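Subject: Handing over the structure

Dear colleague,

I am passing on the structure we spoke of, so that you can look through it at your own pace. My notes follow below it, and I would be glad if you read them with the structure open beside you.

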Number of protein chains: 2
Amino acid sequence: MEVKYNKIAPKDIDYLKTIVDEGDILVGKEISEDFGKDELGTVKGNPDVMLYVKSTEEVAKIMKYANEHHFPVVVRGSGTGLVGACVPLFGGIIINTSKMNHILELDESNLTLTVEPGVLLMEIYDYVEQKGYFYAPDPGEKSATIGGNISTNAGGMRAVKYGVTRDWVRAIEVVLPNGDVEWFGRKVVKDSTGYALKHLIIGSEGTLGIITKAILKLEPKPVESISLLVPFASEQAGLDAVPEIIKAKVAPTAIEFFERNTILFAEEFLGKKFPDTKSNSYILLTFEGKNKDELKFNYQIAADICLNKLGATDVFIVDTDERKEAVWKARGAFLEAIKASTTMMDECDVVVPRSEIANYIKFTYDLAKKYEIRIPSFGHAGDGNLHIYICKDDYDLATFNEKLHQIFDEMYKKAKEVGGLVSGEHGIGYAKKTYMKELLGDSQIKLMQGIKEVFDPNHILNPGKVID
Amino acid sequence: MEVKYNKIAPKDIDYLKTIVDEGDILVGKEISEDFGKDELGTVKGNPDVMLYVKSTEEVAKIMKYANEHHFPVVVRGSGTGLVGACVPLFGGIIINTSKMNHILELDESNLTLTVEPGVLLMEIYDYVEQKGYFYAPDPGEKSATIGGNISTNAGGMRAVKYGVTRDWVRAIEVVLPNGDVEWFGRKVVKDSTGYALKHLIIGSEGTLGIITKAILKLEPKPVESISLLVPFASEQAGLDAVPEIIKAKVAPTAIEFFERNTILFAEEFLGKKFPDTKSNSYILLTFEGKNKDELKFNYQIAADICLNKLGATDVFIVDTDERKEAVWKARGAFLEAIKASTTMMDECDVVVPRSEIANYIKFTYDLAKKYEIRIPSFGHAGDGNLHIYICKDDYDLATFNEKLHQIFDEMYKKAKEVGGLVSGEHGIGYAKKTYMKELLGDSQIKLMQGIKEVFDPNHILNPGKVID
């Protein structure tokens, strides 16, 4: 979509200054380069002005003005995205929500937590755990904002049992591109009241409206948790075990798969030993429940199947604090460890049916051989969401980019073939637009573009993203 | 929206006959009056032609033709709706999905069940339970089709713990108004791939597209279940207990509230005795879990709180087959029993925050006094979704309708005040359109109308419903 935007002039800055507090507006070169990109790093933009907002009213005023004057607007939380979704491609205004960071209400009768969008995920965990509650979504990046999590429909490790961010959002307050403020959803458990506008905003990556409050669902805290670390002699054996564990009906909270090399990188990165590195692949199974008996019942069945049916070489029960720390620290460091192992990398976040996991990973091994490039991966095997890293290592940039392009093409084509999707949890943003178009086809893209047009006829909100 | 539709001519019938099998098309007077209405009964239409479809291709051909010729089309499953959503207000075509009633695949590696839209809810339960699985949504009407359930985002009794139909749909195949066939969602656990078109179709009551296949999520079957029947001396005491039980963090699967009178109606209707009718109100708490210890742990805490803190007069453990049968048969018969107790009634399906349940029910008692009319209710107290029946009894129709109108106005206004919504699980259809508009406001209705326009620019699909 070709849209002409107006350039922000000094008089516009003067007006914007009247909206936010002194010191909460930065103009031109005052804005650090960091705000022109996200964690992907390769997609960049030059914002003209950045405003730290503190209230819904401020956001509404900015949007009304931007809409009337055709200025592009991008919303930004912590900037931890991996697909360039919060990059101001067309310059214009950044609305920075990081100062809208208050937890507004814990409602124990309705089991909800009302927050502002700039609250960090780790702050939510800390708060609700202290009060005896549980917010289940568990994306890897704990310093992301909840606004960002909702905007990408972030997933995480507990999705097998507890679902994703979408499933834990009761309601959102949204500022529409024209400045209207609306609540989508309510503090209610059921809703059959018209089209699901709440669900449309969730995962729309800041292209349809700006989330200014969220009412999250809580549950009573699970009392007990235990993990099994299960080594396998080969990658294939580990991967083949995943659908069998699902079939065994023991309902693990998470099933994570990783290769030996990834653990070695993590050991080096952390300077800490992992409990076991003798085997070629590992599955980490986590169980959560109200009491130890329930857990024991489930994990014993799982352990028995792994050892006696699936060819695991051992089963380590991760129950001591020391072992828990070693395993989860390593698991948490995988991304950073792989990053540190190479000069540059790009990432694929496909999601496939769980039954296809083993084949898909094997397919990436074949790609690594074919293109003579390193492609480490780890991921949420239990939910079919893989994180696959294509590492530049010693290649020059042009060669790397060429290989990357070809590999991505093959990967997303394969994802389509096996009934998967482009993104399990990182979103589309700017970087994955062409792959989504290819996978979903024209008819669905046109519907999405039509919806964009309904919410944002002037295309001022996060232009150039998702389907724009 | 004023739209002109074309009248179906004999040549159109000739063409439609080529699409479906012989005997699967009924024209004009051949169509029973029953297909002109749903369970609400008061909203009626006159279809010109009804086609029993057996495949996606047939649906696609019909839609393409109807779209080109501007014929209105309504989809119908079992016709068990309560808001007139499947009534052919403008005549035209009924697509009847009741012969698309095959269970297509149980996928044990991905824990999914693929079904055609005409499969009945009770058939799904039977099938998955035999195989050791569990499909959680539990709407009262078991002879509804799954297509209808998805179209209204049906809820049911287990929503507190397991969510609603939306939460159990992995993917849907949809025929768009122009005849395009698209899959929204996949057999995957996570999805951050563009706007949530799947969620937009769910709950859209057949106005945006026609569901021709659904991939449902399954879970391993909960092993054990137990209920507590808890009598209270007054309605107020029973209602006040609900938020306290939620706060106690014992995670019941369901919390149902009912009044003594409703039980007496059910006893009369069924000709069977309920375990206890001495108290003015009852709460029925259900617990489900993997083993008896977990259940016992939770229900003992709940029983203790009810008896010692909340003033329950007793706690009956519903654990014998005989008692289970008596309680659940009665619970299942409440709607029919109230229906049988009066000459005519209409229903309100509001959903409010759980903390507001007690006040809201009390408010309906006040309305009953004010308008001198009987307003029995029962409902999913645990999830804030109430079913409230305004009974005509001996009033003449004009008086009843006047009272009904005023009472509905007050009820939905109150729902708005306390942060509730018009429909928890029955939908908007035709009957609740004005109340939704009033509650959500112009801005949201315009967004919904814009979305309708994107999917169905000719307004041929289920015209006059939801926001049309």
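In what follows, a residue counts as exposed if 12 or fewer other C-beta atoms lie within 10 Å of its own, as buried if 20 or more do, and as partly exposed in between. Please also bear in mind that this is a predicted model. The predictor gives the complex an ipTM of 0.94 and a pTM of 0.95, and for chain A the mean pLDDT is 94, with 100% of its residues at 70 or more.

Let me take three residues to show how these classes work out. A:Ala9, which lies in the segment before α1 (10-19) of chain A, is exposed because 11 other C-beta atoms are within 10 Å; its C-alpha atom is separated by 21 Å from that of A:Gly179, 170 residues apart along the chain. A:Lys296, in helix α9 (residues 292-308) of chain A, has 15 other C-beta atoms within 10 Å and is therefore partly exposed. The C-alpha atoms of A:Lys296 and A:Ile226 are 8.9 Å from each other, although the two are 70 residues apart along the chain.

B:Leu113, by contrast, belongs to strand β6 (residues 112-115) of chain B, and it is buried because 26 other C-beta atoms are found within 10 Å. Neighbours within four places in sequence aside, B:Leu113 is in contact with B:Ile103, B:Leu106, B:Val128, B:Leu216 and B:Leu218. Between the C-alpha atoms of B:Leu113 and B:Ile124, which are 11 residues apart along the chain, the separation is 8.9 Å.

Turning to the interior, the largest nonpolar core has 287 residues, and A:Ile95, A:Val242, A:Ile283, B:Ile95 and B:Val242 are those with the most contacts inside it. For A:Ile95, again leaving aside neighbours within four places in sequence, the contacts are A:Leu51, A:Val53, A:Val59, A:Ile62, A:Val73, A:Val75 and A:Ile210.

The strand β4 (residues 93-96) of chain A is covered on both faces, with A:Ile93 and A:Ile95 buried on one side and A:Ile94 and A:Asn96 buried on the other. Strand β2 (residues 49-52) of chain A pairs with β4(A) in the parallel sense over four bridges, and in that pairing A:Ile94 is the bridge partner of A:Met50. Strand β3 (residues 73-76) of chain A likewise pairs with β4(A) in the parallel sense over four bridges, where A:Val75 stands opposite A:Ile95.

Finally, how are the two chains related? Chain B is superposed on chain A by a rotation of 180 degrees with 0.0 Å of shift along its axis, at an RMSD of 0.0 Å, so the two copies are related as by a two-fold rotation axis. The same surface serves both copies, in that 99% of the contact residues of chain B recur in chain A.

To the contact itself, chain B gives 73 residues and chain A gives 72 residues. On the side of chain B that touches chain A, at least two residues each come from α5 (159-162), α6 (197-201), α7 (235-247), α9 (292-308), α13 (433-440) and α14 (442-455) of chain B, and α14(B) supplies the largest share, eight residues. By kind, the residues of this side divide into 31 nonpolar, 26 polar and 16 charged.

With best wishes

Key. Residues are numbered from 1 along each chain as its sequence is written. Chains are lettered from A and ligands numbered from 1 in the order in which they are written. This is a predicted model: local features need pLDDT of at least 70, side-chain atom pairs count only at pLDDT 80 or more; totals for chains, interfaces and linings use all residues. Two residues are in contact if their C-beta atoms, placed from the backbone, lie within 7 Å. Ala, Val, Leu, Ile, Met, Phe, Trp, Tyr, Cys and Pro count as nonpolar, Asp, Glu, Lys and Arg as charged, and the others, Gly among them, as polar. A nonpolar core is a set of buried Ala, Val, Leu, Ile, Met, Phe, Trp, Tyr and Cys residues joined through C-beta atoms within 7 Å. pLDDT is the predictor's confidence in each residue, from 0 to 100. Copies are superposed by least squares on the C-alpha atoms of residues with pLDDT of at least 70 in both. Two strands pair if DSSP finds at least two bridges between them.
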